[in-house]
Amino acid sequence: MKTRTKTSDELKQTVKEKYAEISEQSRDKNATSCCGSSCGCDTVDYSVFADDYSKMEGYNADADLGLGCGLPTEYAHISEGDTVVDLGSGAGNDCFVARQETGESGRVIGLDMTEKMIAKAQKNAAKIGFENVEFVLGDIEDMPLEDDLADVVVSNCVLNLVPDKDLAFAETHRIIKPGGHFSISDVVIRGELPSALKEDAEMYAGCVSGAIDIDTYLDIIAEAGFINIKIQKSKPIQLPDEILASYMDEKEIESFRNSETGIYSITVYAEKPA
Ligand SMILES: C[S@@+](CC[C@H](N)C(=O)[O-])C[C@H]1O[C@@H](n2cnc3c(N)ncnc32)[C@H](O)[C@@H]1O
């Protein structure tokens, strides 16, 4: 039977429900069961992505739900006094690290479409007592933020979940000041994965992931008007033999492992022309 593809609104609703559930789980629970018991993807292991923020200044353990796939804020060249926007801020992990760099004279805005994540992030900010970190409910495809607002945009493992990536990067371009920049960590595909394997691999790598081809991803960034696009970091996500074995024999697995085809977590940087 042919299955109907989900509409963009349905996809977003699924993502919201998933992350509302995750917002109530601890980091340890997320690391072992990804997106909770209802997800049906027990093999998922977010620790395949795990880049460790815990040694960074500003790190707040309550805000770290183990959901990132890079350290964009570390690579974001944030200066004191900057306005930083974090797209898909979750419980605020990158926002609190960014606040360490902007200091009291800066401003940090976390944007997320999941109400429970916003509530959790606000609670974390109140506990720390920051007055210049705020969390705003809204969709990355239609941000409730003014033009030319941010010196720096960061985002950690979010844009793969956004159905319309053209719109996401067009909106990112709109809210960055001329001469500003972004550093974004995300999940992308390199090379041709058989479609059934891609589905399983995405399941493994993040449940409701809509990761796209890396060249397409970089083209979308350029088409949105960004320049000086650089990949700051690229890390292959190792798919376990159990998954590959459903689609390939031993020899094919070996040649797959020796190729560059696969799922990658990347951190990409780009500038809005001055
Ligand atoms: C994988 S989590 C990452 C959270 C956070 N960046 C971190 O590293 O802990 C994805 C987050 O993005 C949010 N999100 C997904 N799609 C979104 C969209 N279209 N607009 C705003 N937020 C979105 C989800 O609600 C969730 O909190």
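**Exercise 1.** Decide whether P178 is buried or exposed in this predicted model, and then place the residue in its secondary structure.

*Solution.* Begin with the count around P178, which is 9 other C-beta atoms within 10 Å. A residue is exposed if that count is 12 or fewer, so P178 is exposed. Next, P178 is assigned to strand β5. As a last step, consider a contact that is remote in sequence: P178 and K272 are separated by 94 residues along the chain, yet their C-alpha atoms lie 5.5 Å apart.

**Exercise 2.** Determine how far strand β5 is enclosed by the rest of the structure, and identify the strands with which β5 pairs.

*Solution.* Strand β5 covers residues 176–190, and 11 of its 15 residues are buried, so the strand is largely enclosed by the rest of the structure. Turning to its partners, strand β4 (residues 150–156) runs parallel to β5 and is joined to it by six bridges, with V154 standing opposite S183 of β5. Strand β7 (residues 262–271) pairs with β5 in the antiparallel sense, over 10 bridges, and here S185 stands opposite T267 of β7. To complete the picture, helix α5 (residues 165–175) combines with β4 and β5 in a β-α-β unit, which is right-handed.

**Exercise 3.** Check the length of helix α1 against the expected span, and work out how its buried residues are distributed around the axis.

*Solution.* For the length, the 15 residues of α1, taken at 1.5 Å a residue, should span 21 Å, and the C-alpha atoms at its ends are 21 Å apart, which agrees. For the distribution, list the buried residues of α1, namely K12, V15, K18, Y19 and I22. These five residues cover an arc of only 125° around the axis, which puts them on the same side of α1. The spacing can be understood from helix geometry: an α-helix has 3.6 residues a turn, so residues three or four places apart point the same way. On the other side of α1, the residues D9, E10 and Q13 are exposed.

**Exercise 4.** Describe the shell around the ligand by its nearest residues, its residue classes and the elements that supply it.

*Solution.* The shell holds 24 residues, of which G68, G88, G90, M113 and T114 come nearest to the ligand. By class, the shell divides into 12 nonpolar, seven polar and five charged residues. By element, α1 (8–22), α3 (93–102) and β2 (107–112) each supply at least two residues, and the largest share, three residues, comes from α1.

**Exercise 5.** Classify A125 as buried or exposed, and find its distance from C95.

*Solution.* A125 lies in helix α4 (residues 115–128), and because it has 24 C-beta neighbours inside 10 Å, A125 counts as buried. Between A125 and C95 there are 9.4 Å from C-alpha to C-alpha, with the two residues 30 apart in sequence.

**Exercise 6.** State what is notable about the backbone of H77 and of D148, and locate each residue.

*Solution.* The background is that most residues other than glycine have a negative phi. H77 is not a glycine, yet its phi is positive, at about 50°, and D148, also not a glycine, has a positive phi of about 50°. As to location, H77 sits in the loop between α2 (27–33) and β1 (83–87), whereas D148 sits in the loop between β3 (133–137) and β4. H77 counts as exposed, with 12 C-beta neighbours inside 10 Å, and D148 counts as exposed with 12 such neighbours.

Definitions and conventions: Residues numbered from 1 in each chain as written. Predicted model: local features only at pLDDT ≥ 70, side-chain atom pairs only at ≥ 80, totals over all residues. Near = placed C-beta within 6 Å. Helix = DSSP H or I, 4+ residues; strand = E, 2+ residues; numbered from the N terminus. Nonpolar A, V, L, I, M, F, W, Y, C, P; charged D, E, K, R; others polar. Expected span 1.5 Å × (residues − 1). Buried ≥ 20, exposed ≤ 12 C-beta atoms within 10 Å, placed from the backbone. Arc of directions from axis to C-beta. Pairing = 2+ DSSP bridges. Right-handed = clockwise from strand over helix to strand, strands pointing away.
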